[in-house]
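Subject: Handing over the two-chain model

Dear colleague,

I am passing the structure on to you below, and after it I have written out what was found, with each term explained where it comes up. Please read it with the model open beside you.

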Amino acid sequence: MTDHIVSSFDDELKDLAVKITRMGGYAEKSLIDATYALHRNDADLAMRTINADEQIDQLEHEIEEQAILMIAKRQPMAADLREIMAAIKLSADLERIGDLAKNIAKRAVAIQSQAGDKKVVLGIEYMSRIASEQLKDVLDAFIQRDVHKAMRVWKRDSEIDAMYTSIFRELLTYMMEDTRNITYSTHLLFAAKNIERIGDHATNIAETIYFLCEGEQLREDRPKQDASSFTPADYEPEAG
Amino acid sequence: MNQAANAEAPARSAETIVVDDPNMNPIRVAAKDTSVYYGQKQALFDVSIDIPERSVTSFIGPSGCGKSTFLRCINRMNDTIDGCRVEGLITLDERNIYDPSLDVVELRARVGMVFQKPNPFPKSIYDNIAYGPRIHGLATNKSELDGVVESSLRKAGLWEEVKDRLDDPGTGLSGGQQQRLCIARAVAVSPEVILMDEPCSALDPIATAKVEELIDELKENYCIIIVTHSMQQAARVSQRTAFFHLGILVEVGPTEHIFTNPKDERTHDYITGRFG
């Protein structure tokens, strides 16, 4: 795309995209660190991850302020307007991702003294790896303005949903076996849920990228495989 | 100069992108392959456009793009310019307005015009409004004329401000009031179409807001076509927007479409401030 007549407008738009990218990098790191802390009982790393969320929040404020100022000052139209709206939406999604990762880190601190079933933690770690890949891919799609890449992320989210449902069932079984597992399992359940939510935010970002590139909203329904919400109260784990 | 014009020739032959709007009102004004020449120089190239009734259509584009030229074709104002030639077909209610049997004076009563700079007659506020209805024989007696003056001033949102000084000269009003007086004057002869050529460019933001509010009210009854350099104004007041560039109509469609997701690169570059 050709440059604006007013070159400072281009600089401002670039700066906005740079801040989004930086924010995305922080959010991605938070998720990886929080899951690692959970997996390795690393309370130090967990604490650092909790504290690191502040810089994500700070960036969100900066992006929002800058976007509002640009709308007031430039009266952006068409692709410029979409770019600024996308920055506002993306920063909100990334801020939520940061919060969810921070919450996982808090749970890592809470359960660090408890020994539990490592198998479930491994499942969560695997789920987290997929989620951080999704996050990385969708951020790349933003930088490259690659709508196809964004759509691949969007379609892949059902994988995370399916994993979450399976972890949910596993943890229910675990809790039923021994009530002493409930606290530990609940923390893990929330950690898994948080990762599932992060996946959803990644798909939100993919939808925003679609809007940014195509100029219209994505109207399709996303394939969903999170069946945990439909689990009946009298759920009995399958034998074996 | 000629070389530059030739270099741009291919772009001119490109077809207008028309974005359909299922909610568009019936068509009041239509142009088909309209070209305008000033002497040897062609200013407008094969413009075809449908303009709906009871709505606002805005024409945007850089200076010299032909938008005002086209606007002036719609009430044959170009007839007054020496060497100006209009080709193609422009219809008002499906009747060719360049038909030799058509009465131009009557056409201009049906297609009113408001200019960039308010131009009230050097007469009283009352006579500014009453002039048109008088010469067109729209009122038979004084009380009828009084009624037309009052209702026109009311429609232009000016009545409350001037009702106690109708005999004061129109030129003594503020710029914004003068412009609304000119709109009232246009409305007084019960036109079907009102053309506005940058009606707010000489007004302050408050007076501009009042005129925009007025345009919004008038669109309930009239077909309004506005030429504006303020894209925000086009976005605010119009339902459809047409983008002109180098004498061709590049793109026309619902205003929200033009300003959020234009199809043509030239439209996009213009509205986002990228024109070199």
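Strand S9 (residues 223-227) of chain B has five of its five residues buried, so it is largely enclosed by the rest of the structure; here a strand is a DSSP run of E of at least two residues, a helix is a run of H or I of at least four, and both are numbered from the N terminus. A residue is called buried if 20 or more other C-beta atoms, placed from the backbone, lie within 10 Å of its own (exposed means 12 or fewer, and partly exposed lies in between). Both faces of S9(B) are covered, with B:Cys223, B:Ile225 and B:Val227 buried on one side and B:Ile224 and B:Ile226 buried on the other. In a regular strand the side chains alternate between the two faces of the sheet.

Before going further, please note that this is a predicted model, in which local features need pLDDT of at least 70 and side-chain atom pairs count only at pLDDT 80 or more, while totals for chains, interfaces and linings use all residues. Residues are numbered from 1 along each chain as its sequence is written, and chains are lettered from A and ligands numbered from 1 in the order in which they are written.

S9(B) belongs to an open sheet of seven strands in chain B, in the order S1-S11-S10-S4-S9-S8-S7 and with mixed pairing, where two strands pair if DSSP finds at least two bridges between them. Strand S1 (17-18) and strand S7 (111-114) of chain B stand at the edges, each with a single partner strand, so one side of each has no neighbour in the sheet. Strand S4 (residues 55-60) of chain B runs parallel to S9(B) and is joined to it by five bridges; B:Ser55 stands opposite B:Cys223, and B:Val56 has B:Ile224 as its bridge partner. Strand S8 (residues 193-197) of chain B also pairs with S9(B) in the parallel sense, over five bridges, and there B:Val193 stands opposite B:Cys223.

Turning to chain A, helix H5 (residues 147-177) has 31 residues that should span 45 Å at 1.5 Å a residue, and its end C-alpha atoms are 47 Å apart, which agrees; the expected span is 1.5 Å times one less than the number of residues. The buried residues of H5(A), among them A:Trp154 and A:Phe168, pack against helix H4 (118-144) and helix H6 (182-214) of chain A.

Finally, 14 residues of chain A are in contact with 14 residues of chain B, contact meaning that C-beta atoms placed from the backbone lie within 7 Å.

With best wishes

Methods: Two residues are in contact if their C-beta atoms, placed from the backbone, lie within 7 Å.
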